[in-house]
Amino acid sequence: SLVANWGDEGEKWAAQVKVQLMHGPQRKEHFKSISSVDVIITSYALVVRDLAEYQNLELNTLVLDEASMIRNADTQAAKALRKLNAGARVALTGTPVENAVRDLWSLYAFLLPGYLGSKEDFKNRYELALAGAQPDENVLRRLRLRVEPFMIRRTKAQVAKDLPQKLEQTLWCQPSKLQKEAYQEILRQGVVKVDELEGGRARMQMLTVLLRLRQASCDLRLLGGESMAERELSMLSAKLEMLIELLHEARRGGHRVLVFSQFTKMLGFIKEALANEGISFAYLDGATRDRSGEVKKFQASTGPDVFLISLKAGGYGLNLTAADTVVHFDPWWNPAVEAQATDRAYRIGQTKPVTVYKLIAKGTVEEKILRLQERKRGVIGAAIGDEAEPMMTGLNAEDMRDLLS
């Protein structure tokens with residue numbers, strides 16, 4: 001979905017370079033004249049579909065943008081890209097590790113096949129030793145020594161002189177009486193069901209309960225069921241009421257805002273509320289067709305006050321420096337993913353101080369997610385050379401039971 005964005009950047013910074021965007025049903029025609037272009041830009045999904053055509057090419061350089069897209073080595077995209085012929089391979093990512101150290105193995109399997117051994121070797125040599133609460137420092141150091149020679153890093157700390165200040169603030173929201181009652185009922189029933197199950201079925205049930213608890217913390221309408229149209233907004237979603245207040249305040253101060261949520265349905269409720277309040281907005285989720293059109297609309301000096309973005313669809317690759325305020329409507333287990341989303345505004349080209357707000361429903365699983373994030377930080381950062389870099393090792397059974405306690 002960033003193909004068009006890369007095309008725009010190519011035109012802006014390297015107009016002399018002949019670029020071919022490979023997307024849409026007409027792309028098949030372009031393969032006939034592909035040897036006459038300098039740069040081919042396509043998506044991970046289309047590389048899989050057009051693999052046979054690309055395997056016929058001898059590429060000078062193969063570059064992966066947002067390379068964490070191949071962090072799972074068993075996906076079709078990861079397998080397809082490993083089959084291409086290229087003189088040099090480059091992987092660009094702000095999150096070389098999102099869930100576990102095996103993400104690194106997949107990146108290096110693309111960059112330097114065999115360098116970190118087989119997947120099983122890597123698991124026995126590094127992954128198992130680093131998975132526990134107390135990772136083995138010697139193993140951590142050994143992994144860092146292995147990967148560091150092939151890694152060029154430019155961290156936020158290094159570019160701090162180029163960037164304005166970033167302020168981060170947690171805004172605590174008191175759920176309504178109705179939300180608290182629904183939350184407690186989901187928790188009570190969910191824990192009983194989890195205790196009745198074992199193994200994989202218990203894990204799936206825990207994930208289901210956690211999802212519903214997170215939904216209840218945001219807006220009762222996310223739970224579905226009985227019609228709540230007659231209810232007051234303050235009863236359905238104390239957090240949405242807080243967001244509307246915050247956005248009015250931001251607009252009065254001349255600030256423009258990015259709002260991220262993992263729930264596209266929640267973004268729909270926010271859209272409705274903004275329309276009622278007369279607050280202008282752009283919108284982007286996985287179903288948005290004209291992605292670059294929405295970005296250009298927001299980036300214009302006369303653009304809308306707010307950009308509503310689904311975390312999955314818009315957390316990567318976009319340059320949205322017209323905003324100087326970022327709101328995370330709901331927290332995610334992985335702080336690295338949240339940081340990537342924040343960096344849509346807090347990046348090179350930003351000239352104003354950036355304020356980042358996390359809206360957290362007090363006394364809910366969201367509060368525990370914040371603590372989990374803190375506990376999970378650090379290990380992978382140490383492995384790749386920055387102890388402050390955030391990471392997550394994924395949610396294990398112990399984590400989930402703690403969140404449900």
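Q: Where in the fold is Glu366 found, and is Glu366 buried or exposed?

A: In this predicted model, Glu366 is found in helix H17, which spans residues 365-376. With a relative accessible area of 1%, Glu366 is buried, because the cut-off for that class is under 20%.

Q: Which polar partners does the side chain of Glu366 have, and which residues does Glu366 touch beyond its sequence neighbours?

A: The side chain of Glu366 makes a polar contact with the side chain of Lys239, at 2.7 Å. A polar atom of the Glu366 side chain also lies 2.7 Å from the backbone nitrogen of Ala361. Leaving aside residues up to four places away in sequence, Glu366 touches Arg214, Ser217, Cys218, Lys239, Asp330, Pro331, Leu359, Ile360 and Ala361, so that Lys239 and Ala361 appear both in this list and as polar partners of the Glu366 side chain.

Q: How should I read a salt bridge, and how many salt bridges are there?

A: A pair counts as a salt bridge when a side-chain nitrogen of Lys or Arg is within 4 Å of a carboxyl oxygen of Asp or Glu, and by this rule the count comes to 15 salt bridges. One of them joins the side chains of Asp8 and Lys296, at 3.4 Å from N to O. Asp8 lies in helix H1 (residues 3-13) and Lys296 in helix H14 (residues 291-299), so this pair ties together parts that are 288 residues apart in sequence. Asp8 counts as partly exposed, at 29% relative accessibility, whereas Lys296 counts as exposed, at 51%.

Q: What is the accessibility of each partner in the salt bridge of Arg221 and Asp219?

A: The side chains of Arg221 and Asp219 meet with an N to O distance of 2.8 Å. Asp219 counts as buried, at 0% relative accessibility, while Arg221, at 21%, counts as partly exposed.

Q: Which parts of the chain does the salt bridge between Arg251 and Asp305 link?

A: In that pair the closest N and O atoms are 3.6 Å apart. The pair links distant parts of the chain, with Arg251 in helix H12 (residues 238-252) and Asp305 in the loop between H14 and strand E8 (306-310), 54 residues apart. Arg251 counts as partly exposed, at 34% relative accessibility, and Asp305 is buried, with a relative accessible area of 18%.

Q: Which residues are linked with Asp50 in a network of salt bridges?

A: Arg27 and Lys28 are linked with Asp50 in such a network.

Q: How can I read the sides of a helix, and which residues of H19 are buried?

A: An α-helix has 3.6 residues a turn, so residues three or four places apart point the same way. In helix H19 (residues 397-404), the buried residues are Asp399, Met400, Leu403 and Leu404. They cover an arc of only 130° around the axis, which puts them on the same side of H19.

Q: How many disulfides does the structure hold, and why is Cys173 not bonded to Cys218?

A: A disulfide is a covalent bond between the sulfur atoms of two cysteines. The structure holds 0 disulfides. For Cys173, the closest cysteine sulfur is that of Cys218, and because the two are 9.5 Å apart they are too far for a bond, the cut-off being within 2.5 Å. Cys173 counts as buried, at 4% relative accessibility, and Cys218 also counts as buried, at 0%. Cys218 returns here from the contacts of Glu366, which touches it.

Methods
Residues are numbered from 1 along each chain as its sequence is written. This is a predicted model: local features need pLDDT of at least 70, side-chain atom pairs count only at pLDDT 80 or more; totals for chains, interfaces and linings use all residues. Side-chain values use heavy atoms; hydrogens and water are left out. Helices (H or I, at least four residues) and strands (E, at least two) are DSSP runs, numbered from the N terminus. Buried means under 20% relative accessible area, exposed over 50%, partly exposed in between (1.4 Å probe, protein chains only). A polar contact is a pair of N or O atoms within 3.5 Å; within protein, one must be able to donate a hydrogen and the other to accept it, and residues adjacent in sequence count only if both atoms are side-chain atoms. Contact means heavy atoms within 4.5 Å. The arc is that of the directions from the helix axis to the C-beta atoms.
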